[in-house]
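Please walk me through this protein as one would at the bench, moving from its strands and helices to a single side chain.

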Amino acid sequence: MPRKREIAKPKRSERSPQRSPAAARVDADANKSNIPASDDASSRTRVEQGNLRDAASERPWSNQEIAALLDRIGDILAIQGENRFKIIAYQRASDVIEHSSRGVQDVWQGDPANLRAIPGVGEAIADKLDELFRTGQMSYYEKIRAQIPEGLVELLQIPGVGPKTVAKFWKDFNITTLDALKAALENPEKNLPGIGDKTIENLKQGIGTIGLHTTRVQLATAVYFADELIAELQKRAGASIQKISTGGSLRRLRPTIGDIDLLAVSNEPQLVLDAFVKLPQVREVLAKGESKASVVAHNGMQADLRVLEPKNWGTALQYFTGSREHNIRTRDIALKKGLSLSEWSFAKLKGGREIFCDTEEKVYELLGMEWIPPELREASGEIEAAQKHQLPKLIELSDLKGDLQCHSRWSDGVAPIKAMVEGARKRGLKYIAITDHSKGLGVANGLDEKRTREQWKEIDRINHEYDGAFRVLKSVEVEIRADGTLDLPDDLLAGYDLVLATTHSSLTQSREKITERVLKAMHHPLVDIFGHPTGQLIGSREPSALDLEQVFRAALETGTILEIDGTPERMDLTDVNARRAVELGIPLVIDSDAHHPDGFDDLRWGIAMARRGWITKENVLNTLEWDELRKRLKRNL
DNA sequence: GCCGTTTTCGGCCCGACTGTTTTCAGTCG
């Protein structure tokens, strides 16, 4: 769903997914009910911690940090009552940079003119970023930051409080911090004259829920919860619901989800909305009107429901799917065709009948382009491609023929190899690589050489039993040690069908060190795949400082395949990085990292990342039969 | 502040819900 504040408050948490003391994953299913706990100071960026200069380091600026800085400038300008289009310009630049598949500092290369190629970045912002990259500071930011009291921006976190209200607190009541506001609310008649009772109550409530409503959860968690809400709503008001769908970032399958958007068709909207706000999952009703309601569930997630008529379905679904930037672009295109596009219809600017679209296909057709899969609607080139009818044919789950990372109870999985085979067969796969951990990962009961050779015998027996109907590959998830060496000897590695190398420890190494370490492993002739490259765990661990551009170059040089790990908390490579990799011509594999026979369902999330990364079947090697795939492995070239 | 198959100046997506300054501003998506 296109959210204006998506580029302000909620987005901040989306950039730094919430931390929780998530235990090491044993079973992917354990994540289904895992809602990360609220944020803490450790995920704050150097921007949010204040002075850029103090926090400046040799590390390049990440897109997330640059986006947070531009976003913060937008917030300050908004509080100052600046021209709203100037504010929007900073927010748009922030949004584009955050979703850019290339590091902006990398694009810069010492020349601000290079930055102008980024949509939404003009002369002024390019020059400011140039200064930031050269000096580690931005004088414009320092200047405007000094013009408003410290702490004022934080008041924007309160739900329902925007820049105008913050400015009023400051100028009318001299309230500039959250603590001062809390104190003033103790005696509102005296401290906050002219503010109504209802507003006072909302402020008190809002302060209490800071953090709760901005928590982003893993895609899988949100999808399962949305399924639950829809099922319950169908049970209670199903007779009145003709159609129901998810919308927003959930429908676009973003790796993390801020809130759940639902969309329904009904001739009895009040009945459906009443049922919705009374669902057992609902803790609090934020708003309820004639066509929409917003609630907060007991698990802390916000859910919105819109109810409409069949004739509006296409425009409404298109609008509520977003993204915000995508909608701004599509509405702009409509305007140039003399049409005003809203969630209800196309209205003709010069009068005349409204045009209704009961399907999304009709909406895009009127806009002069082909239907765009929701996963691509991020204003990152999909509109231009759709106008030329050159959208890629995105990969689908059913294209996968095998899974090259999964675990049995030989290491940290919970099932015997045979049970994993049956789990994979049930899902239509024809081969799996059993990639139990190597001995270096002591916590995962890693295999030494002796146990490895025992495991191979079992795999031989199973393959014999299936007699070609299914193939189990002898493989390993070998640990790349802190110095870049592998923790199994070469003669053993040579005996596997394929080798997946990953990092699990020393992930806080410097950019230089961890990059050098990974490149060393990628140059090893027996390392076929580099798995879950950045080591990120959504909600609990940031990506390592690994220089992915160098990794991509090394992948091309060495023929090392890169992986998209579909475990909901990993999603690694993530969408933008996967897109960059295939743009450069690097072949990928999509794996579940299953630790349980049902864990193969997580391939679905890997496919989601791939589709968001514009990836086709041809880019992914495990869409091939094993006999074809094996020829593409480095060891067999 | 950005941007251009109407434009280098004059625009910049559209609507629901809330609270309250009862006709609309502020916030949000």
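What follows describes a sheet, then a helix, and finally one glutamine with its surroundings.

The model shown here is predicted, and a good place to begin is its open sheet, in which 7 strands with parallel pairing follow one another in the order S10-S11-S12-S13-S14-S15-S16. Strand S10, residues 402–406, and strand S16, residues 588–591, form the edges of this sheet, each of them pairing on one side only. Helix H21, which covers residues 449–466, packs on the sheet and touches both strand S11 (431–434) and strand S12 (471–479), and the direction of H21 makes about 155 degrees with that of S12. Further along the order, strand S14 (residues 529–530) runs parallel to strand S15 (residues 561–565) and is joined to S15 by 2 bridges; Phe 530, for instance, has Leu 562 of S15 as its bridge partner.

Turning to helix H16, residues 313–321, one finds that 9 of its 9 residues are buried, so the helix is largely enclosed by the rest of the structure. Among these buried residues are Trp 313, Leu 317, Gln 318, Tyr 319 and Phe 320. Just after H16 comes Gly 322, which takes a positive phi of about 70 degrees.

The last stop is Gln 105, which has its place in helix H5, residues 104–108. Gln 105 counts as buried because its relative accessible area is 19%, and the cut-off for that term is under 20%. Once neighbours within four places in sequence are left aside, Gln 105 is in contact with Pro 60, Trp 61 and Phe 133. With regard to Trp 61, a polar atom of the Gln 105 side chain lies 2.7 Å from the backbone nitrogen of Trp 61.

Note on methods
Residues are numbered from 1 along each chain as its sequence is written. Chains are lettered from A and ligands numbered from 1 in the order in which they are written. This is a predicted model: local features need pLDDT of at least 70, side-chain atom pairs count only at pLDDT 80 or more; totals for chains, interfaces and linings use all residues. Side-chain values use heavy atoms; hydrogens and water are left out. Two strands pair if DSSP finds at least two bridges between them. Helices (H or I, at least four residues) and strands (E, at least two) are DSSP runs, numbered from the N terminus. Contact means heavy atoms within 4.5 Å. Axes are lines fitted to C-alpha atoms, for helices over the stretch in contact, and angles run from 0 to 180 degrees between N-to-C directions. Buried means under 20% relative accessible area, exposed over 50%, partly exposed in between (1.4 Å probe, protein chains only). A polar contact is a pair of N or O atoms within 3.5 Å; within protein, one must be able to donate a hydrogen and the other to accept it, and residues adjacent in sequence count only if both atoms are side-chain atoms.
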